[in-house]
Structures are given as C-alpha cells and as structure tokens.
Amino acid sequence: MTHPILETRMEDAVAVVTLNRSERRNALDEHAIAEIEHFFAHPPAGARAIVLAARGPHFCAGLDLREHHAKQRSPAEFMRVCQGWHRAFDRIQHGGIPVVAALQGAVVGGGLELAGAAHIRVGDRTTYFALPEGQWGIFTGGGATVRVARLITPNRMIELMLTGRVMRAEEGMQIGLLNYLTEPSDALAQAMSLAHKIAANAPLSNYSIVAGINKIWDMSASDGLFTESLLAALVQTSPEVQVRLSEFVEKRAAKVAA
Ligand code: 1HE
C-alpha cells in the first residue's frame with residue numbers, strides 16, 4: 001500500500017492500531033480506508049482485543065475533504081467510496097474481536113463513523129463530536145445513519161447534522177456515546193487497561209458479545225431469540241467453559257462483587 005497511515009503493535013494479547021496522519025488531523029483518504037479494512041480483515045495472530053487510537057490532538061477529522069475536492073468524484077465513484085467505508089467499518093464491528101477506541105479532540109464526520117464502529121469508546125475531556133457534513137453540502141457516507149443513529153438515537157443525529165453543533169465529551173458521556181471519560185491524555189491508558197481485561201475473557205464469549213449482539217439487533221425478536229439460543233448452545237458447551245467453571249465450583253474464582 002502506498003501511503004501507510006496505520007501504525008500497529010502488539011502488547012501481550014492486545015493489538016494497538018494507531019491512525020498516524022496527524023498533520024492532516026487523521027483525515028481518511030482512500031488509502032487509509034483500504035488500510036483499515038486490511039488490518040481488521042487480517043488482525044495480527046494472537047490478538048484477543050484491539051485498541052484503536054490516533055496520534056496528535058485530534059482523533060479523526062473524517063473524510064479527506066482535500067482528496068474529495070481534488071477528485072471531483074461522480075455519483076457512482078462516491079458510492080464505491082462509501083461501500084469501501086462500510087466494508088472497512090463492518091470488519092471492525094462484526095470481526096469478532098472486541099475493539100476499544102481511545103478518543104481525543106475532534107471526532108467528527110467520518111471520524112465519528114469510525115469511532116461508532118468500535119465496541120467501547122473511551123474519550124478524554126478534550127474529546128468532542130460533530131457531524132458537520134451540512135456545512136460542506138455533503139451527507140454522511142461511512143455508516144453513521146446506521147451506527148451513530150443507533151448509538152445516539154436518530155433524533156439526536158438529525159439535530160447534530162442540521163445544526164452542525166459540537167457535542168462535548170461530557171454530553172457524549174451523558175447520552176452513552178462515550179463509555180468512559182478520562183482526564184486529558186489518559187484515554188489511551190484507560191483503553192489499554194480495558195482491552196487487557198477483555199482479552200482475558202474466553203475468545204468465543206467475546207466473539208458472541210461483539211458479533212452476536214449487533215447482528216441480533218438487526219433481526220426480529222423471534223429470529224433474535226432463536227439466534228441467541230444457537231450462539232449460547234455453541235459457547236456454553238465449549239471446552240473452555242468446563243475449565244473456567246471448575247474454578248467457580250472449587251471456589252477458586254473471583255466473586256462478582258461491587
Ligand atoms: C484536513 C481535514 C479533512 C483537517 N480533510 N484535510 N470533517 C470536517 O468537517 C473536519 C474539517 N476539519 C476541521 O474542522 C479542523 O481541521 C479540525 C477541527 C479537525 C482540526 O483543527 P486544527 O486547527 O487543529 O487543524 P487545521 O489547521 O484545521 O488542519 C491541519 C491540516 O489538516 C490542514 O492542512 P494544512 O495543509 O493547512 O496544514 C487541514 O486542511 C488538514 N485537514 N481536516 C483533509 N477532513 C464517508 S463520508 C464522511 C463525511 C465526512 O467525514 S465530512 C468531513 C467532516
């Protein structure tokens with residue numbers, strides 16, 4: 001790939017993937033989207049959780065507006081671009097490995113679509129969200145109408161898009177867009193600590209949690225219950241359960257205590 005913007009490393013069973021284009025505020029051009037798709041389609045061997053982070057003061061400024069301006073894409077070309085974003089972000093959401101996003105500064109437009117594909121969002125107090133597409137005469141195209149609308153409700157998304165206003169981290173926390181709020185610069189450490197804890201879960205449980213719950217949300221209640229029973233039949237009877245539950249039975253396991 002010609003313009004690698006992703007930096008990747010492993011820390012035990014946690015893969016850390018970092019957007020490294022802060023001179024453009026981590027704006028996503030076609031290469032970046034292709035790299036994201038490739039990384040999440042082929043996660044490093046042994047990765048049991050992934051942290052998605054970004055260098056610089058801003059997580060991600062969304063669609064590369066300079067590239068879009070320069071390319072003067074046709075409707076068919078931009079539809080293909082959007083479908084590339086959808087493929088890449090579907091890999092994140094449905095890939096079966098839990099993804100924790102560490103956010104700071106601007107998480108706007110396509111940046112919010114990217115963060116919205118993660119399973120847990122940790123933001124520091126500098127984090128803010130916006131969907132400023134209306135200002136440029138464009139629309140979302142990276143999956144926000146599905147993922148962001150679900151996370152914050154369609155009503156809030158419509159209001160954010162119509163007004164172009166900024167939603168600060170505290171409000172993001174209040175409405176459940178952020179799962180954790182940290183002091184400035186602490187989001188990555190918090191995300192890493194969560195990811196290490198998540199990586200200790202049984203991989204099949206994690207797979208069902210991140211792929212199953214979102215997929216079942218797309219189904220009718222009756223299909224969802226049926227699918228849940230199938231997933232549970234597979235997960236609850238896996239060999240790892242015997243090992244883990246013997247710790248409970250033999251009173252060696254940590255209790256679920258407040
Ligand atoms: C960019 C981009 C970009 C910055 N594409 N180059 N997204 C937006 O509407 C966000 C537009 N960007 C901003 O509002 C600001 O840049 C930020 C608030 C993110 C950051 O501000 P700041 O003062 O820290 O940086 P800057 O000086 O504005 O930007 C630094 C450089 O990054 C500058 O280039 P330079 O050559 O002058 O140094 C900017 O041009 C460049 N840059 N953002 C390209 N987005 C699938 S559809 C998705 C729809 C969308 O995502 S719409 C886009 C929403």
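1. The enclosed space comes first. In this predicted model, one cavity reaches 30 Å³ or more. About 50 Å³ of space lies in the largest cavity. Its lining is made by F40, P43, I50, R91, I92, G95, G96, I97 and V99. By class, six of these lining residues are nonpolar, two are polar and one is charged.

2. Next, the domains. The domain assignment splits the protein into domain 1, residues 6-199, and domain 2, residues 203-249. Their C-alpha centres are 27 Å apart. Each side brings residues to the contact: 10 from domain 1 and 10 from domain 2.

3. Now look at the buried area. Domain 1 and domain 2 bury about 890 Å² between them. Of this area, 51% is on carbon and sulfur atoms. Which three residues supply the most of the area that domain 1 buries against domain 2? They are H94, G96 and R150, with 54% of that area. G96 has turned up before, in the lining of the largest cavity.

4. One charged pair deserves a look. The rule finds one salt bridge across the interface of domain 1 and domain 2. R150 forms a salt bridge with D218. The closest N and O atoms of R150 and D218 are 2.5 Å apart. Find R150 in the structure and keep it in view for the next point.

5. Turn to the second largest pocket. Its volume is about 570 Å³. It is lined by 22 residues, and the closest to its centre are Q93, G116, R147, R150 and N214. So R150 links several points of this note: it is among the three top suppliers of buried area in domain 1, it pairs with D218, and it is one of the residues closest to the centre of this pocket.

6. Where does the second largest pocket lie with respect to the domains? It lies between domain 1 and domain 2, because both give residues to its lining. At least two lining residues come from each of helix 3 (75-94), helix 4 (110-117), helix 6 (147-152) and helix 10. Helix 10 gives the most, with five residues. The classes in this lining are eight nonpolar, nine polar and five charged residues.

7. The largest pocket comes last. About 720 Å³ of space lies in it. Its lining has 26 residues, and A202, S205, V241, R244 and L245 are the closest to its centre. By class, 14 of the lining residues are nonpolar, six are polar and six are charged.

8. Which helix gives the most to the lining of the largest pocket? Helix 10 does, with seven residues. Helix 10 covers residues 203-217. Helix 11 (221-236) and helix 12 (239-249) each supply at least two residues as well. Helix 10 is therefore worth tracing from end to end: it gives the most to the lining of the largest pocket, and it also gives the most to the lining of the second largest pocket, which lies between the two domains because both supply lining residues.

Definitions and conventions:
Residues numbered from 1 in each chain as written. Predicted model: local features only at pLDDT ≥ 70, side-chain atom pairs only at ≥ 80, totals over all residues. Heavy atoms only, no water. 1 Å grid on protein atoms, 1.4 Å probe; cavity = no way out; pocket = protein on both sides within 12 Å on 5 of 7 lines; lining within 4 Å. Points joined across faces, edges and corners; volume = space filled by probe spheres on them. Helix = DSSP H or I, 4+ residues; strand = E, 2+ residues; numbered from the N terminus. Nonpolar A, V, L, I, M, F, W, Y, C, P; charged D, E, K, R; others polar. Domains from an automatic or database assignment. Contact = heavy atoms within 4.5 Å. Buried area = accessible area lost by both parts, 1.4 Å probe. Salt bridge = Lys/Arg side-chain N within 4 Å of Asp/Glu carboxyl O.
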